[in-house]
Structures are given as C-alpha cells and as structure tokens.
Amino acid sequence: MKGGLQLVCGLDSAGRSALKRQYVSAPMHLSKPWWEEGVLIVNAINSTAGLFAGDVIDTAIEVTRGAQMLLTSASANRAHRMPAGRAAVHQTLRVETGAWLEVWPSLFIPHAGSNYFQDTSVEIDEGARFLWFETVAPGRVASGEAWEFTRYESRFRLTCEDRLIARETYSLTPASPSVQALRQVFSTACHATCYAAGADFPAELLAAVSALHHTDCWVGCTRLDAPAIAIRMVAANNLHLARAMNKVRDLLHAALGRHVPALRRA
C-alpha cells in the first residue's frame, strides 16, 4: 500500500493556526484538529493494524510564518512480520521563520521479522522553533519478542538555512554490535531521540535534562553547532522512558517560555 500525508499549517484570516492545505490517503487518517493556547493540535494515525512489506508512506509537513502546530498520534505505530521486502516511511518537514512545530508520535514497535526503513529530512528557517521526539521499543516485549525484528534503519537530517545541523544514520539488527551493547545494560531496552532547535538553550536546561539520568534510564544531552540541542535516552522499559520523555518535554517548553499543550483531547 502506498499512502501519504501532506499538511500545510498557516494563519487564517482571524490570525489562528489552521490547515491551509491537506492531502490524506490510506492507510493514513487525520482526526479533527483542535486548538490549545494558540497551537493547532493534529492527530494523524495509520488506520490499519500497522505497516506490512511493500508499504510506503510519504509525509510532507510545512508550517508557515507565524503558525504553530503539534503533530502527534493516538496509538503505537507498528511494523509487522515481513517474509520478504520492507516497509518504508519518508518524511519531509519545513518550518518557516517565526513558526513552531512539535512532532510527538507514539511509540514505534517493530514486530518479530519486520524490516523497516525511515528517512526524515527537516529544514527550519532562522527564527523558527522545532521539537522532535521519537521512541522505539525492541519489539512486543510482553509477547516475548524483544530484538526479533529483522532490521530497523533510520536516517535523519536537520538543516537550518541550508546549513547541516545534525545527521544521524543507523541500521539495527538483533546481532549488530550496538544492539548487543544495549542488551548488556537493559535486556529489553527502549530508546528515544529528541532534537530541539530555534533557541539559545541555557546551560541550566542541559544540566536539568542530564540530571534525569538514573540507573533505569540513561540520559545524554549535547549542544549542537546552532541554536539546537540533541537528547538521547535508553531505558530499561517503556514506562521509565515515557516518564523521562515527559519530563524532558516539560523542561523544553519551560525553557522556551511556553505552555505545554496536551497530546490528547481532554
């Protein structure tokens, strides 16, 4: 199945953030957006059971000058067993000067035998603000399927005014050295990545994030060559990871002087 999600968020005639253009094709589904403190909250999900071999999802998100959007999902994303082939997700995001975009998808769960590829390209203008969160489980842990996926591959690029800020490329297999290293610390490790860009984050914020590190959730934070930071977390399970992620989100919004919008409609 080849599906897509294309959204352009801009200001309407009343000065509110609104979807100016949208295109959605199966298996993607878009719930009715709502506002909170001026932020347009958009909930997009894969309306099927998940991704299968041969599935390709193309996503393009643009937030224009002055608009604010939170893109999230209501349920976990899954890739199912694939005897042959792979599933692929291609994501392109653009945030203009004075705009705000936060991306918080639900946990990604690669099932046993799944082969998944993800390519993400983010371009932000000077003066734009951007938050990216991503969490990945080792599989269906409750079903005894930890680390039984075939491959999980991810490529991520973040540029500001055509200047490369971050590039991340990795390919995980159950036998890869990086996975073996994780399993020595946490047998069912969940990991997360966060990028925050568009503000000169103070040293106190980095210290507060690093202070979240503990025996069941390892947290690392570094400043990038721009007004941006990168945060990486590895936890013993998704419960510890989710707690740390929510604390990081609260710290980032506080540092930016912003209200923390709810991820779900009350």
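Me: Before anything else, what counts as a cavity here?
Reply: A cavity is a set of grid points where a 1.4 Å probe fits but cannot get out; keep in mind that this is a predicted model.

Me: OK, so how many cavities of 30 Å³ or more are there?
Reply: The count comes to 3 cavities of that volume or more, and the largest cavity has a volume of about 40 Å³.

Me: Which residues line the largest cavity?
Reply: Its lining is made up of Gln118, Trp132, Glu134, Ser154, Phe156, Glu168, Tyr170, Thr193 and Tyr195. The elements that give two or more residues to this lining are β13 (129-136), β14 (151-160), β15 (163-172) and β16 (190-197).

Me: And what classes are those lining residues?
Reply: Sorted by class, the lining of the largest cavity has 4 nonpolar, 3 polar and 2 charged residues.

Me: Switching topic, how many disulfides are there?
Reply: The count is 0 disulfides.

Me: Why is there no bond from cysteine 194 to the closest cysteine sulfur?
Reply: A disulfide needs two cysteine sulfur atoms within 2.5 Å, and because the sulfur of cysteine 194 is 8.3 Å from the closest one, in cysteine 221, that is too far for a bond.

Me: What about cysteine 217, and is that residue buried or exposed?
Reply: The closest cysteine sulfur to that of cysteine 217 is in cysteine 190, 9.8 Å away, which is also too far for a bond. Cysteine 217 counts as buried, at 0% relative accessibility, and cysteine 194 is buried with a relative accessible area of 0%.

Me: Last one, how do β17 and β18 pair?
Reply: Strand β17 (residues 217-223) and strand β18 (residues 228-235) pair in the antiparallel sense over 7 bridges, forming a hairpin with 4 residues between them. Within this pairing, valine 219 has methionine 233 in β18 as its bridge partner.

Conventions. Residues numbered from 1 in each chain as written. Predicted model: local features only at pLDDT ≥ 70, side-chain atom pairs only at ≥ 80, totals over all residues. Heavy atoms only, no water. Pairing = 2+ DSSP bridges. 1 Å grid on protein atoms, 1.4 Å probe; cavity = no way out; pocket = protein on both sides within 12 Å on 5 of 7 lines; lining within 4 Å. Points joined across faces, edges and corners; volume = space filled by probe spheres on them. Nonpolar A, V, L, I, M, F, W, Y, C, P; charged D, E, K, R; others polar. Buried < 20%, exposed > 50% of the residue type's maximum accessible area, 1.4 Å probe, protein only.
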